[in-house]
Amino acid sequence: MIIDEILDRKGGRRFVAEVFKRYVLKESVYFGFKYFSEAYSKSSDTDREYFVKRAIIKYIVVMSAGIGCLLF
């Protein structure tokens with residue numbers, strides 16, 4: 001699950017943006033979280049980072065994962 005990927009990174013696992021992107025997009029298609037594909041489709045890197053962070057926050061809230069996950 002995507003939340004496990006987020007928690008692994010909070011736990012100290014090295015963050016590799018491209019690996020995270022592939023995993024999140026694969027999972028989001030399977031579970032129907034369209035906001036990730038929308039976020040990654042933004043044209044500029046600055047916009048993309050902002051919208052990906054918003055998508056992660058939305059996912060955490062929707063999944064009721066707890067406020068501690070929001071501190072990334």
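These legends accompany four close-up views of a predicted model.

**View 1. The largest nonpolar core and the helices that build it.** This core holds 16 residues, and those with the most contacts inside it are Ile2, Ile6, Phe36, Ile56, Tyr59 and Ile60. Helix 1 (2-10), helix 2 (17-31), helix 3 (34-40) and helix 4 (45-62) each contribute at least two residues to the core. Helix 4 gives the most, with 5 residues.

**View 2. Phenylalanine 36 and its contacts.** Let us stay with one of the core residues that have the most contacts there, Phe36. Once neighbours within four places in sequence are set aside, Phe36 is in contact with Ile2, Val24, Leu25, Ser28, Ala55, Ile56 and Tyr59.

**View 3. Serine 28, a buried residue in helix 2.** Here we look at Ser28, which is found in helix 2. Ser28 counts as buried because its relative accessible area is 3%, and the cut-off for buried is under 20%. Its side chain reaches the backbone oxygen of Leu25 at 3.0 Å. Not counting residues up to four places away in sequence, Ser28 touches Ile2, Phe33 and Phe36.

**View 4. A nonpolar patch on the surface.** Now for the outside of the model: Met1, Val62 and Met63 form a nonpolar patch on the surface. Together these residues have about 260 Å² of accessible area. Met1 sits in the segment before helix 1. With a relative accessibility of 43%, Met1 counts as partly exposed, since that class lies between the cut-offs of 20% and 50%.

Technical notes:
Residues numbered from 1 in each chain as written. Predicted model: local features only at pLDDT ≥ 70, side-chain atom pairs only at ≥ 80, totals over all residues. Heavy atoms only, no water. Core = buried A, V, L, I, M, F, W, Y, C linked by side-chain atoms within 4.5 Å. Buried < 20%, exposed > 50% of the residue type's maximum accessible area, 1.4 Å probe, protein only. Helix = DSSP H or I, 4+ residues; strand = E, 2+ residues; numbered from the N terminus. Contact = heavy atoms within 4.5 Å. Patch = residues over 30% accessible without salt bridge, like charges linked within 9 Å, V, L, I, M, F, W, Y side chains within 5 Å. Areas by Shrake-Rupley, 256 points an atom, 1.4 Å probe, with all protein chains shown as cover. Salt bridge = Lys/Arg side-chain N within 4 Å of Asp/Glu carboxyl O. Polar contact = N/O pair within 3.5 Å; in protein donor to acceptor, adjacent residues only side chain to side chain.
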